Amino acid sequence: MAIKVHGSPVSPAAKRVLLSLAEKQLDYEFVLVDLATGQQKKQPFLSLNPFGQVPGFEDGDLKLFESRAITRYIAHAYADKGTPLISEDPKKMAIIGVWMEVESQRFDAAGQKLSFEILVKPMKGLTTDDAAVEQLQGQLAAVLDVYEARLGKSKYLGGEEFSLADLHHVPIIANLMKTKVKAVFDARPAVSAWAAALLARPAWLKINAA
Amino acid sequence: MVVKVYGATYAACPLRVMTCLFELGFQFDLIKVDLQSGEQKQPQNLLRQPFGQVPSIEDGDFKLFESRAIIRYYAAKSASQGGTNLLGETLEERALVDQWMEVEVNNYNPLIYTMVLQLVVLPQQGQVGDMELVQDCKGKLEKVLDVYEERLSKSKYLGGERFTIADLTHLPNTRFLVEEGGMEDLIKRRKNLHNWWLDISSRPSWLKVMDLPK
């Protein structure tokens with residue numbers, strides 16, 4: 001199979017890629033990388049991602065890492081298949097690009113750490129740092145205040161259509177909704193409705209059912 | 001149409017945008033936002049940038065924020081108009097450019113940003129920086145720079161054989177590392193990385209930006 005994703009089903013970054021493939025209705029092979037034994041830090045995986053992180057991606061001869069670069073590639077290479085994830089209009093694409101940066105640097109900064117503290121640490125036998133959780137929740141709340149204003153004016157973050165700007169959030173939102181951080185989303189009606197719509201997308205349900 | 005750039009000549013993210021605009025030949029006016037007095041958090045700037053930061057741009061009616069989104073927009077504009085192409089020619093080249101832009105955001109910038117905070121910003125505010133944290137970041141950065149060294153041993157620039165926004169995006173934070181950070185030896189000790197840094201930091205667009213009045 002031409003498209004291969006190397007990763008783990010628990011990795012939000014890997015899920016970001018799987019979701020974009022599902023939205024595009026593309027076939028792919030999933031190659032399991034065992035994070036528990038540190039397989040991602042060894043060869044042969046390191047040849048795919050020298051930073052030793054999942055996911056890695058192949059499409060024929062092309063090899064890529066960094067989930068958000070992979071999703072961009074998928075969105076462009078398969079623009080005519082499945083759900084459009086980008087815009088051909090340069091100004092519309094630029095606005096989508098703004099909110100992709102916001103997700104990557106502001107939302108994920110708090111969201112990914114919260115997910116790690118609350119969900120991942122206990123699985124590894126470590127103790128959640130409650131003070132850090134409080135601080136990170138505050139950080140996330142400030143970001144979601146900006147989202148609330150934005151989503152009051154625009155159906156999706158990048159504009160009136162679903163795009164990568166929304167898609168990139170889904171794995172971490174899904175994780176946080178399983179925790180007390182759900183309250184931060186619920187307190188903001190536009191954000192809450194947007195998050196619910198994302199988690200109800202058939203492509204997301206499909207990759208989680210597998 | 002002259003692009004309005006809201007920012008300051010001493011802040012990394014506005015430098016990223018201004019360098020890109022010089023590279024591509026898009027004229028701009030810098031409208032100074034006084035970061036020392038917190039002007040970026042004032043209502044007028046919040047309308048341009050809801051997180052209260054710089055830069056933002058106005059190009060006629062079109063407004064953007066996030067420096068990396070801004071440089072992508074202008075790079076795409078230039079390439080589509082048959083001008084300088086800083087994005088990559090093929091789908092595959094562009095994917096590699098995107099990959100290394102993500103590396104800068106996720107693996108490179110966070111370490112440098114933390115060091116800037118501890119070494120420069122907190123002392124300026126009369127606080128003591130956490131030197132242990134700086135050492136920790138430095139150790140992590142060494143490993144990251146090893147990966148860059150390996151990459152640059154196989155290709156002249158990060159995205160491939162041509163200079164692209166993947167290289168440009170590294171200019172402001174690498175400058176900090178070398179200057180205020182006093183860690184030039186991290187670069188110098190890695191032959192390919194050093195050659196790459198000398199190359200990109202001697203580009204006319206970067207020299208022009210460095211020459212702008214503070």
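**View 1. The largest cavity in the predicted model has a volume of about 40 Å³.** The model shown in these views is predicted. The count of cavities of 30 Å³ or more comes to 1. Lining the largest cavity are R68(A), R72(A), M100(A), E101(A) and S104(A), together with E102(B). By class, 4 of the lining residues are charged, 1 is polar and 1 is nonpolar.

**View 2. Helices α3 and α4 of chain A at the wall of the largest cavity.** Each of these two helices of chain A supplies at least two residues of the lining. The largest share, 3 residues, comes from α4(A). Chain B is represented in the lining by E102(B).

**View 3. Packing of helix α4 of chain A, residues 90-123, with helix α3 of chain B, residues 67-80.** The two helices pack at an angle of about 155°, and their axes are 8 Å apart. Because of this angle, α4(A) is roughly antiparallel to α3(B). The crossing in which α4(A) passes α3(B) is right-handed.

**View 4. Residues in the contact of α4(A) with α3(B).** On the α4(A) side, the contact is made by P90(A), K91(A), A94(A), G97(A), V98(A), E101(A) and Q105(A). On the α3(B) side, R68(B), A69(B), R72(B) and Y73(B) take part. The residues of this contact divide into 5 nonpolar, 4 charged and 2 polar. E101(A), a contact residue of α4(A), is also among the residues that line the largest cavity.

**View 5. The second largest pocket, with a volume of about 590 Å³.** The lining of this pocket consists of 25 residues. Nearest the pocket centre lie H76(A) and M93(A) from chain A, and A76(B), L87(B) and R94(B) from chain B. By class, the lining has 14 nonpolar, 7 charged and 4 polar residues.

**View 6. Helices that contribute to the lining of the second largest pocket.** In chain A, α3 (67-77) and α4 each supply at least two residues of the lining. In chain B, α3 and α4 (91-124) likewise each supply at least two. The largest share, 7 residues, comes from α3(B). Helix α3(B) also packs with α4(A) at an angle of about 155°.

How values were computed:
Residues numbered from 1 in each chain as written. Chains lettered and ligands numbered in written order. Predicted model: local features only at pLDDT ≥ 70, side-chain atom pairs only at ≥ 80, totals over all residues. Heavy atoms only, no water. Axes fitted to C-alpha atoms, helices over the stretch in contact; angles between N-to-C directions. Helix = DSSP H or I, 4+ residues; strand = E, 2+ residues; numbered from the N terminus. Parallel < 35°, antiparallel > 145°, perpendicular 65-115°, else oblique. Left-handed = near helix turned anticlockwise from the far one by under 90°. Contact = heavy atoms within 4.5 Å. Nonpolar A, V, L, I, M, F, W, Y, C, P; charged D, E, K, R; others polar. 1 Å grid on protein atoms, 1.4 Å probe; cavity = no way out; pocket = protein on both sides within 12 Å on 5 of 7 lines; lining within 4 Å. Points joined across faces, edges and corners; volume = space filled by probe spheres on them.
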